[in-house]
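User: I would like to go through this structure and ask for the reasoning behind the labels put on it. Please set each value against its cut-off.

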Amino acid sequence: MPSLFDPIEVGAIHTTNRVFMAPLTRGRGTRAHVPTPLMVEYYAQRADAGLIISEATGISREGLGWPYAPGLWLQEQVEAWKPVTAAVHAKGGKIIAQIWHMGRMVHSSVTGLQPVSCSPTKAPEDLHTYEGKQPPELARELTKDDIARILNDYENAARNAIVAGFDGVQIHAANGYLIDEFLRDGTNHRTDEYGGSPENRIRFLREVTERVIATIGADKTAVRLSPNGDTQGCIDSHPEQVFVPAAKMLNDLDIAFLELREPGPNGTFGKTDQPKLHGPIREVFKKPLVLNQDYTREEAMETVASGVADAIAFGRPFIANPDLVQKLEKNLPLLKDDIKTWYSQGAEGYTDYPMAETDLASR
């Protein structure tokens, strides 16, 4: 019976435990989307995670609309990521880059470009910009030439990730961003081979994954999906009909692992009454399956021990508890994070949370 604290092989990556660090947007890059030295310390502090999945990292200027988030399309960005990955590796950790195109969830004041999506729709809520939140803009429908260009952007970002020292990449296909917009019939209104049937709506995800695999190998390629519920206004009338076949397709492509973000009705960051789909997905996806969202220590341990999932990705607990693995293993109390510092640019609420020994000594 596997334990949350047992090692596991996920593709080419050997992890020392099954407590993964979920991607967490923290906004500590530069305005040019270049990683900063502060990020080196932040990730190194959390190197005890079985695997760190980096914050969502842009594949292009067009696709990155989050202020101060990092990218992977410029050589300057690649060079600035190298100290981050080196610091994690120096402490015995593993780290992969989550590569990201935000689709309609960007504002032109950040990118200088009109947002794009599979179909001409608007994001449901105001968007983060350098001038505060602003109303969404109508996305331009992608042409087939645009899609070909974006596939090249994914290839470039994946190659850059390996050059930067990452152990692999995770394709961000969740949370209402570009790939997720293609997957769901609430946002995908196309009538060509990228729209209509579930098979057609899966096509873009398949092409992105195939391109990344051809660039860095299937054993270094992972995918994140968010199959249940309304994700940033990105809805589907029958999620099981698209996400289960999508998982089967990813299994057949032999990716390293699949992560599912699955909020519930009482979630602390996103809520939905839509049923979780990890059960039927588990039936078709035979590679390592990672689950995420609001797991307690006990729930995580039981989920792994029962074989429902192979690892659990923790997000918010890693913000205030850089030594989360140790705290979970020893059943130590967890510190709470401060939401006011999630996206600020300084060390406060980022690298200044104490480790367990420091925390206990102060009691």
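User: What is the accessible surface of the protein, and how much of it belongs to carbon and sulfur atoms?

Analyst: The model is a predicted one. Its accessible surface comes to about 13,700 Å², and carbon and sulfur atoms account for 52% of that.

User: What makes the protein agree with a compact globule?

Analyst: For 363 residues, a compact globule would have a radius of gyration near 21 Å. The protein has 19 Å, so the value agrees with the rule. The C-alpha trace spans about 60 × 45 × 40 Å along the principal axes. There are 12 helices and 13 strands in the protein.

User: What share of the residues is buried, and what share of the contacts joins residues at least 24 apart?

Analyst: Buried residues are 59% of the 363, where buried stands for under 20% relative accessible area. Taking contacts between residues at least 6 apart in sequence, 70% join residues at least 24 apart.

User: How many aromatic pairs are there, and why is the pair of W81 and F166 called edge-to-face?

Analyst: The count comes to 11 aromatic pairs. In the pair of W81 and F166 the ring centres are 5.1 Å apart and the planes make 65 degrees. The limits are centres within 6.5 Å and, for edge-to-face, planes over 60 degrees apart, so W81 and F166 qualify on both counts.

User: What does the pair of W81 and F166 tie together?

Analyst: W81 is in helix α2 (residues 75-90), while F166 is in the loop between α4 (144-163) and β9 (169-172), so the pair ties together parts that are 85 residues apart in sequence. W81 has a relative accessible area of 0% and is therefore buried. F166, at 4%, is buried as well. Both residues belong to one aromatic cluster with Y42, Y43 and Y350.

User: What makes W342 and Y343 an edge-to-face pair, and is each residue buried or partly exposed?

Analyst: Their centres lie 6.0 Å apart and their planes 75 degrees apart. Set against limits of 6.5 Å and 60 degrees, these values make W342 and Y343 an edge-to-face pair. W342 is buried at 7% relative accessibility, but Y343 has 29% and is partly exposed, because that class runs between 20% and 50%.

User: How do you know that R31 and R203 lie over rings?

Analyst: R31 is over the face of Y130, at 3.8 Å from the ring centre. R203 is over the face of Y194, at 5.9 Å. The distance limit is 6 Å, so both R31 and R203 meet it.

User: Which residues have the most contacts inside the largest nonpolar core?

Analyst: That core has 83 residues, and those with the most contacts inside it are Y43, Y154, F204, L205, L225 and L258. Apart from neighbours within four places in sequence, L258 touches residues including V223, L225, I281, F285 and V290. A second, separate core of 14 residues includes A22, L51, A222 and F257. In soluble globular proteins, nonpolar side chains tend to be buried together.

User: Why is A22 called buried, and which residues is A22 in contact with?

Analyst: A22 has a relative accessible area of 1%, which is under 20%, so A22 is buried. A22 sits in the loop between β3 (19-21) and α1 (37-45). Beyond its neighbours within four places in sequence, A22 is in contact with I53, R224, E259, N292, A313, F314 and G315. The C-alpha atoms of A22 and F314 are separated by 5.3 Å, although the two are 292 residues apart along the chain.

User: Is R190 buried or exposed, and where is R190 found?

Analyst: R190 is buried, because its relative accessibility is 7%. R190 is in the loop between α5 (178-183) and α6 (198-216). Among its contacts, leaving aside neighbours within four places in sequence, are C118, E141, I147 and F182.

User: What is the phi of D254 and of D294, and why are D254 and D294 called partly exposed?

Analyst: Phi of D254 is near 65 degrees, a positive value in a residue other than glycine. Phi of D294 is also near 65 degrees. D254 lies in the loop between α7 (239-252) and β11 (257-261), and D294 in the loop between β12 (289-292) and α9 (297-305). Their relative accessibilities are 42% for D254 and 37% for D294. Both values fall between 20% and 50%, so D254 and D294 are partly exposed.

Key
Residues are numbered from 1 along each chain as its sequence is written. This is a predicted model: local features need pLDDT of at least 70, side-chain atom pairs count only at pLDDT 80 or more; totals for chains, interfaces and linings use all residues. Side-chain values use heavy atoms; hydrogens and water are left out. Rings of Phe, Tyr and Trp (its six-membered ring) pair if their centres lie within 6.5 Å; planes under 30 degrees apart count as stacked, over 60 as edge-to-face and the rest as tilted. Helices (H or I, at least four residues) and strands (E, at least two) are DSSP runs, numbered from the N terminus. Buried means under 20% relative accessible area, exposed over 50%, partly exposed in between (1.4 Å probe, protein chains only). A charge sits over a ring if NZ of Lys or CZ of Arg is within 6 Å of the ring centre and within 35 degrees of the ring normal. A nonpolar core is a set of buried Ala, Val, Leu, Ile, Met, Phe, Trp, Tyr and Cys residues joined through side-chain atoms within 4.5 Å. Contact means heavy atoms within 4.5 Å. The radius of gyration is taken over C-alpha atoms; the globule rule is 2.2 Å times the number of residues to the power 0.38. Accessible areas come from the Shrake-Rupley method with a 1.4 Å probe; for residues, only the protein chains shown count as cover.
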